[in-house]
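Welcome! Here is a short briefing to help you find your way around a new structure. Take a look at the sequence and the model first, and then read on.

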Amino acid sequence: MPRPILATLSTKVLTNNLHIIKKYAPKARIFTVVKGNAYGHGLKLIFQSLKLQTDGFALINIEDAILLRDQGWLGPILLLEGFFHDNELAIIDHYKLTIVVHSTWQITAIKRISITTPINIFIKLNSGMNRLGFSEDMLPSAWYQLNSLKQVKSITLMTHFAAAEKKNGVVEQMAVVNRVSSKLTGNIQRCLANSAATMWHPNTHYQLVRPGIMLYGASPSGNWDDIADSGLQPVMTLQSKLIAVQQVPAGGYIGYGRIYTKKTKKIGVVACGYADGYPRLAPTGTPVLVDGIRTHLLGSVSMDLLMVDLEHCPHAHINSQVELWGSFIKIDEIAALAGTLGYELMSALTNRVPRKLISN
Ligand SMILES: *Cc1c(COP(=O)(O)O)cnc(C)c1O
């Protein structure tokens, strides 16, 4: 018997989430974001269940783009940070990858190479986030430079929002996008929206959206309530089992740091710890589902184990099923208690946890 921890991924939920994205942005094409090993879910598995329904994939690492080509994907693959070094351009050409261009040195590099097929480019505008991209003043000239190159096939205007989960969170950045767009000629293609903008700011949709977190069924705001009525559901269930049960006497303690209990407690020991990606900062009281009953963490999370209160789970025993997060215990809730976001917990799930695709 292997260690009982497992992350199951629901194909049905994933395809339904994509369907919901299409309802939010019915006129846009969808480049599903699969960076960070598909937000920790496993790139190959997520690819397998999305390949017939998505319009394209967006990711960071060129190795991941090659993996998708090797899996047979012929459609668009967008490298969200473009290339990091000139020598990647030959690979980009060979695998026909679409690239973000965010800096002048990248334009210089593109100018210098000879390639077999002209490249589709997403030119990145820094509309206020001050992370990647050309400033409002610089972007038009970068656009016209790229537009004049025989190496370039098409140019899409791209930007990224810093606070699209807020009610007026895209207003200022959209004003920059609109001013810049007015200085460009021709039929401008735009790709602006992340998940939050896809859901809450339809004025950002244009021809292409690039949702990530909503696809996996967690909230861009970090608060599950914000997406509770959307129909989106968590794709991943992180599950394990009780591998031991203990009776702790009144005045005894539980785990590292010796968290004392006033009364006698029956506790369960779960095969899951921070070396699996469960957050060590999750405090006593963090919800855990045992045998279908919502109970909670006791004491501090160890590297390979955590302990749960069985006071209200009288039938729990060794081998009882445990859900750490999934459809009953939302990852957003665990993340909030640990002072982070679902984004981080998903993508921090370690390789020690096997992933398995399930159909329902
Ligand atoms: C990660 C990322 C996205 C997806 O963001 P979500 O909030 O997960 O939808 C979109 N665009 C860029 C540039 C990104 O880096």
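A crossing of two helices is called right-handed if the near helix is turned clockwise from the far one by less than a right angle, and left-handed if the turn is anticlockwise. Please keep in mind that this is a predicted model. With that said, we can visit three helix pairs and then the ligand.

**Helix 1 and helix 3**
- Helix 1 covers residues 11-24 and helix 3 covers residues 43-50; the two pack at an angle of about 65°, and their axes are 9 Å apart.
- Their crossing is right-handed, in the sense explained above.
- On the helix 1 side, the contact uses Thr11, Leu14, Thr15 and Leu18, which meet Ile46, Ser49 and Leu50 of helix 3.
- Sorted by class, the residues of this contact between helix 1 and helix 3 are four nonpolar and three polar, with no charged ones.

**Helix 3 and helix 4**
- Helix 3 also has helix 4 (residues 62-70) as a partner: their axes come within 11 Å and cross at roughly 45°.
- Because of that angle, helix 3 counts as oblique to helix 4.
- The crossing of helix 3 and helix 4 is right-handed.
- Leu43, Lys44 and Phe47 are the helix 3 residues here, and they meet Asp64, Leu67 and Leu68 in helix 4.
- The contact of helix 3 with helix 4 has four nonpolar and two charged residues, but no polar ones.

**Helix 6 and helix 7**
- Further along the chain, helix 6 (residues 104-112) packs with helix 7 (residues 139-147) at an angle of about 10°, with 11 Å between their axes.
- An angle under 35 degrees counts as roughly parallel, so helix 6 is roughly parallel to helix 7.
- Helix 6 contributes Ile107, Ile110 and Lys111 to the contact, while helix 7 contributes Ala142, Gln145 and Leu146.
- In the contact of helix 6 with helix 7, four residues are nonpolar, one is polar and one is charged.

**Around the ligand**
- There are 13 residues around the ligand, and those that come nearest are Lys35, Tyr39, Ser195, Arg210 and Tyr343.
- Lys35 has a polar side-chain atom 2.6 Å from an oxygen atom of the ligand.
- For Tyr39, a polar side-chain atom lies 2.5 Å from an oxygen atom of the ligand.
- Gly212 takes part through its backbone: one of its polar backbone atoms is 2.8 Å from an oxygen atom of the ligand.

Note on methods: Residues numbered from 1 in each chain as written. Predicted model: local features only at pLDDT ≥ 70, side-chain atom pairs only at ≥ 80, totals over all residues. Heavy atoms only, no water. Axes fitted to C-alpha atoms, helices over the stretch in contact; angles between N-to-C directions. Helix = DSSP H or I, 4+ residues; strand = E, 2+ residues; numbered from the N terminus. Contact = heavy atoms within 4.5 Å. Nonpolar A, V, L, I, M, F, W, Y, C, P; charged D, E, K, R; others polar. Parallel < 35°, antiparallel > 145°, perpendicular 65-115°, else oblique. Near = heavy atom within 4 Å. Polar contact = N/O pair within 3.5 Å; in protein donor to acceptor, adjacent residues only side chain to side chain.
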